[in-house]
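Biologist: I've just opened this one on my screen. Please walk me through it while I ask questions.
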Amino acid sequence: MPAKVDMDKIVSLCKRRGFIFPSSEIYGGLASCWDYGPMGVELKRNVKDAWWKAVVHERDDVVGLDTSIMMHPGVWAASGHIDNFTDPLVECKSCHLRWRADAIEGKRCPQCSGELTEPRMFNLMFKTFMGPVEEKASIVYLRPETAQGIFVNFENVVTTSRKKLPLGIAQIGKSFRNEITPGNFIFRTREFEHMELEYFVKPGTDEKWLDYWVKESFDWYVKLGIKKENLRLRQHGKDELAHYARDCYDIEYLFPMGWSELEGIANRGDFDLTQHAKCSGKELSYRDAEAGEKYVPYVIEPSAGVDRSVLAFLVDAYEEEEVEGEKRTVLHLHHSLAPIKVAVLPLSRNEKLTPLAKEVFKRLCPRFVTDYDDSQSIGRRYRRQDEIGTPFCVTIDFESLEDKQVTIRERDSLAQIRVPVEGLEKVIEAKLRGEAFDASTLWATRQK
Ligand SMILES: [Zn+2]
């Protein structure tokens, strides 16, 4: 079953409406690097906020953390990344293109059918030098995941947060992987953002908590509007488990290029804390005073990519439909994810309409991300707002000057209702929450 929209359409909409641009475009771009434009930065921030709210703020058993991208190299030796975080690389002897040996079929170059070198293991961590001397002793790595920053702070967080296990520590931040074959727009990039939770539990309860977080993670996408039929769960086979994992599930989404991983939920056992205790010489265990026991916790890790979540939300929200004989492209984004919540649109750029339109904008902008647009025809402006997923447009016309009412147009149903300017923000607030609002109550307030 192919996805309903091809990637070109998503890439084109993203460019046209200011979601995502190729990085360094005026210099011809940089492979697989992307910049988030004015709409993209809002969407991406909303995705991260929604995750943080669900995982940290709405729970009393998870706290947040923000650790540095560069860490002591010993961290990556202990975690196994220096030895194991590798892909088999082959190079074509004729055209010198490089390929992931396990991603190509046959023994010839997919580009020119040239002969390939023997595979060698290529480490995916970006290396750089700390300080002015470029020597082996000053090598540092850009983190390939945010998880290790959490493990090495386990003791700090447990002591200062005064919380009991099970306890989760969450982090959102940039990670870097020198992928041999990145691609599919923002799906696989060398620089990306992670949303990771390390949930520390008592050994023996780990399987129960793995099931719990698989369900929580899956439901998070559904609550934010992703259609269930476009999501599926896949358990890793024993042969594909990472070196640290006892068990792992992928939440996969039906992207334009096919089913691909959106988020992984792994049972990491006590691998990380044990390794860091061994390599740092610091004891990393949990003391349960009440039960009088001490143990090294097991860890359940939901690990999601921000950028590929953004892509999934865009793909899932995208629709082309026909309205009164005209094609309409619309993003049915969940209200909490939409970059702009309300657009204030005077019917035309007319000096009589401007003061009231500006007044409406001033009323709304402290409470909602609001756009003001008075250029071009009203039809074109509606189309633009539909394409960036704005749930509500507020139109000010000449009648508004007489009766102090404006029209709210809904993105999904295209229904239009007329409401008084006074109290408009209450109507929008209720609608953003998905509630029906009886506008007649506003009239009662006005008549007083
Ligand atoms: Zn070749």
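Modeller: Let's start with the residue that follows helix 11, Gly389, whose phi is positive, near 85 degrees. Helices here are DSSP runs of H or I with at least four residues, strands are runs of E with at least two, and both are numbered from the N terminus. Before we go on, this is a predicted model, in which local features need pLDDT of at least 70, side-chain atom pairs count only at pLDDT 80 or more, and totals for chains, interfaces and linings use all residues. Residues are numbered from 1 along each chain as its sequence is written, and side-chain values use heavy atoms, with hydrogens and water left out.

Biologist: Good to know. Which residues of helix 11 are buried?

Modeller: Helix 11 covers residues 378-388, and its buried residues are Arg381, Tyr382, Gln385, Asp386, Glu387 and Ile388. Buried means under 20% relative accessible area, exposed means over 50%, and partly exposed is in between, using a 1.4 Å probe and protein chains only.

Biologist: Is there a general rule for which helix residues point the same way? I mean, what spacing should I look for?

Modeller: An α-helix has 3.6 residues a turn, so residues three or four places apart point the same way.

Biologist: Zooming out, how many helices and strands does the chain have?

Modeller: There are 14 helices and 23 strands. Of the 448 residues in the chain, buried ones make up 50%, and the C-alpha trace spans about 75 × 65 × 50 Å along its principal axes. Taking contacts (heavy atoms within 4.5 Å) between residues at least 6 apart in sequence, 64% join residues at least 24 apart.

Biologist: Now the metal. What are the protein donors of the zinc ion?

Modeller: Four cysteine sulfurs: the SG atoms of Cys92, Cys95, Cys109 and Cys112, lying 2.2 to 2.4 Å from the zinc ion. Donors are N, O and S atoms within 2.8 Å of the metal (3.2 Å for Na, K and Ca), and water is not among the atoms, so sites may look incomplete.

Biologist: How are those donor residues spaced in sequence?

Modeller: The pattern is C-x2-C-x13-C-x2-C. The site is tetrahedral, with angles of 102 to 119 degrees among its 4 donor atoms; four donors get that label if all angles lie between 85 and 135 degrees.

Biologist: Are they in the open? Cys92 and Cys95, say: which is buried and which is partly exposed?

Modeller: Cys92 counts as buried because its relative accessibility is 1%. Cys95 counts as partly exposed because its value is 30%.

Biologist: And where is Ser113 found?

Modeller: Ser113 is in the loop between strand 5 and strand 6. Its phi is positive, about 60 degrees, although Ser113 is not a glycine. Asp102 is also found in the loop between strand 5 (98-100) and strand 6 (120-123). Ser113 is partly exposed because its relative accessibility is 48%, and Asp102 is partly exposed because its own is 49%.

Biologist: Let's switch to pockets. How much space lies in the largest pocket?

Modeller: About 1,300 Å³. A pocket is found on a 1 Å grid over the protein atoms alone, as an open set of points where a 1.4 Å probe fits, with protein on both sides within 12 Å along at least five of seven lines; lining residues have an atom within 4 Å of a point.

Biologist: Which residues lie nearest its centre?

Modeller: Of the 43 residues lining the largest pocket, Phe85, Arg177, His236, Tyr244 and Glu261 lie nearest its centre. Strand 13 gives the most to that lining, with 7 residues.

Biologist: What about the second largest pocket, what volume does it have?

Modeller: About 560 Å³. Its lining has 21 residues, with Ala50, Lys53, Ala54, Glu58 and Trp220 nearest the centre. Helix 2 (38-57) and helix 7 (206-223) each supply at least two residues of that lining, and helix 2 gives the most, with 7.

Biologist: Last one: which peptide bond is cis, the one from Leu165 to what?

Modeller: To Pro166, with omega near 0 degrees. Pro166 sits in the loop between helix 6 (154-161) and strand 9 (167-176).

Key
Four donors count as tetrahedral if all angles lie between 85 and 135 degrees; four count as square planar and six as octahedral if opposite donors are over 155 degrees apart and all others between 65 and 115; anything else is irregular. Grid points are joined across faces, edges and corners, and a volume is the space filled by probe spheres set on the points.
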